[in-house]
Amino acid sequence: PFRRTGAFMTDYVVIAISSGALTAVRIALLGLPTDGVVTLSDKMTGHALQLLFLSLPVLLYFSVLESGGWQATIGKRVCGLSVTMADGGRIPFVRALLRNALRLLPWEMSHAAIWYVPGQPFVDDVPAFNMTVFIAAILISLIYLAALFIGSGRTPYDRLAGVAVQRRGSIT
């Protein structure tokens with residue numbers, strides 16, 4: 001679990017740097033909004049841009065690298081881990097995509113709950129529905145984290161995708 005945590009922290013730095021660069025590209029192409037994000041149309045546009053410039057690149061980062069020759073993201077590679085099928089073989093891209101979509105589900109739930117707060121996010125009161133989505137995202141994240149430390153250390157998204165994260169070169 002500690003190697004996986006270290007790998008995630010390393011990947012988080014990569015994601016933060018690339019997200020900053022993609023945000024700069026988005027601002028260069030589309031400019032900064034001049035008005036507050038208030039209407040549903042504004043929120044839908046903002047959420048679509050967030051999906052395009054943040055969530056999709058992160059999903060592809062994990063999925064392409066884990067299904068590729070390294071069988072690992074940069075963080076996993078640094079920490080000596082790989083994502084494999086049960087026999088140690090490379091996972092297909094579609095399986096990596098499923099794994100990482102499930103893995104990033106709480107993150108995306110939080111984004112949606114923030115974008116669709118009536119009024120302005122972080123300013124106006126958060127309705128019960130949005131708060132429920134936030135709490136559900138936190139609970140799912142805690143289940144994912146707890147799974148690293150219980151039993152075999154396989155997370156629910158690893159199990160559902162039929163893959164394992166292990167030390168590079170070992171087959172369990």
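**A buried asparagine, a nonpolar patch and a salt-bridge network**

Asn130 has a relative accessibility of 6% and therefore counts as buried, since the limit for that class is under 20%. The model in which this value was computed is a predicted one. Asn130 belongs to helix α6. Leaving aside residues up to four places away in sequence, Asn130 is in contact with Ala113, Tyr116, Val117 and Pro118.

The overall architecture gives this residue its setting. The protein contains 7 helices and 2 strands, and their order along the sequence is α-α-α-β-α-α-α-α-β. The C-alpha trace extends over about 55 × 35 × 25 Å along its principal axes. The chain has 172 residues, of which 34% count as buried. Among contacts between residues at least 6 apart in sequence, 67% connect residues at least 24 apart. The accessible area of the protein is about 9,800 Å², and carbon and sulfur atoms contribute 72% of it.

Helix α6, which holds Asn130, also supplies much of a surface feature. A nonpolar patch on the surface is formed by Phe2, Val126, Met131, Ile135, Ile138, Leu139, Leu142, Leu145, Phe149 and Ile150, and together these residues present about 990 Å² of accessible area. Helix α6, spanning residues 128-149, provides the largest share of this patch, with 7 residues. Two members of the patch illustrate how such residues are classified. Ile135 is located in helix α6, and because its relative accessibility is 45%, Ile135 is classed as partly exposed. Leu145 is also part of helix α6; its relative accessible area is 42%, so Leu145 too is partly exposed. The contrast with Asn130 follows from the cut-offs: partly exposed covers the range between 20% and 50%, whereas buried means under 20%. As a further point of orientation, the C-alpha atoms of Leu145 and Leu54 are 23 Å apart, with these positions 91 residues apart along the chain.

From the surface, the description turns to the interior. The largest nonpolar core comprises 10 residues, namely Ala7, Cys79, Leu81, Val83, Met85, Ile91, Ala96, Ala161, Val163 and Val165. A separate core of 6 residues lies apart from it, and its members include Val58, Leu59, Tyr61 and Phe62.

Two residues of the largest core, Leu81 and Val83, also belong to strand β1, which covers residues 81-84. In a regular strand, side chains point alternately to the two faces of the sheet. In β1 both faces are covered: Leu81 and Val83 are buried on one side, and Ser82 and Thr84 are buried on the other. Strand β1 runs antiparallel to strand β2, residues 164-167, and 4 bridges join the two. Within this pairing, Leu81 faces Arg167 of β2. When residues up to four places away in sequence are excluded, Leu81 touches Arg3, Arg4, Ala7, Ala72, Lys76, Val165, Gln166, Arg167 and Arg168.

Arg4 and Lys76, both contacts of Leu81, lead to the charged interactions. The whole structure contains 5 salt bridges. In one of them the side chains of Asp158 and Arg4 meet, with an N to O distance of 2.9 Å. This pair connects distant parts of the chain, since Asp158 lies in helix α7 (residues 156-161) and Arg4 in helix α1 (residues 2-30), 154 residues apart. Asp158 counts as buried because its relative accessibility is 0%, and Arg4 counts as buried at 13%.

A further salt bridge joins Lys76 to Glu66, whose closest N and O atoms are 2.7 Å apart. Here Lys76 is in helix α3 (residues 74-78) and Glu66 in helix α2 (residues 40-67), with 10 residues of separation. The relative accessible area of Lys76 is 4%, so this lysine is buried; Glu66, at 0% relative accessibility, is likewise classed as buried.

Glu66 also forms a salt bridge with Arg99, at 2.9 Å from N to O. Arg99 is part of helix α4 (residues 93-103) and Glu66 of helix α2, so this pair ties together parts of the chain 33 residues apart in sequence. Both Arg99 and Glu66 are buried. These interactions belong to a wider arrangement: Arg4, Glu66, Lys76, Arg99, Arg103 and Asp158 are linked in a network of salt bridges.

Definitions and conventions: Residues numbered from 1 in each chain as written. Predicted model: local features only at pLDDT ≥ 70, side-chain atom pairs only at ≥ 80, totals over all residues. Heavy atoms only, no water. Patch = residues over 30% accessible without salt bridge, like charges linked within 9 Å, V, L, I, M, F, W, Y side chains within 5 Å. Areas by Shrake-Rupley, 256 points an atom, 1.4 Å probe, with all protein chains shown as cover. Salt bridge = Lys/Arg side-chain N within 4 Å of Asp/Glu carboxyl O. Helix = DSSP H or I, 4+ residues; strand = E, 2+ residues; numbered from the N terminus. Buried < 20%, exposed > 50% of the residue type's maximum accessible area, 1.4 Å probe, protein only. Core = buried A, V, L, I, M, F, W, Y, C linked by side-chain atoms within 4.5 Å. Contact = heavy atoms within 4.5 Å. Pairing = 2+ DSSP bridges.
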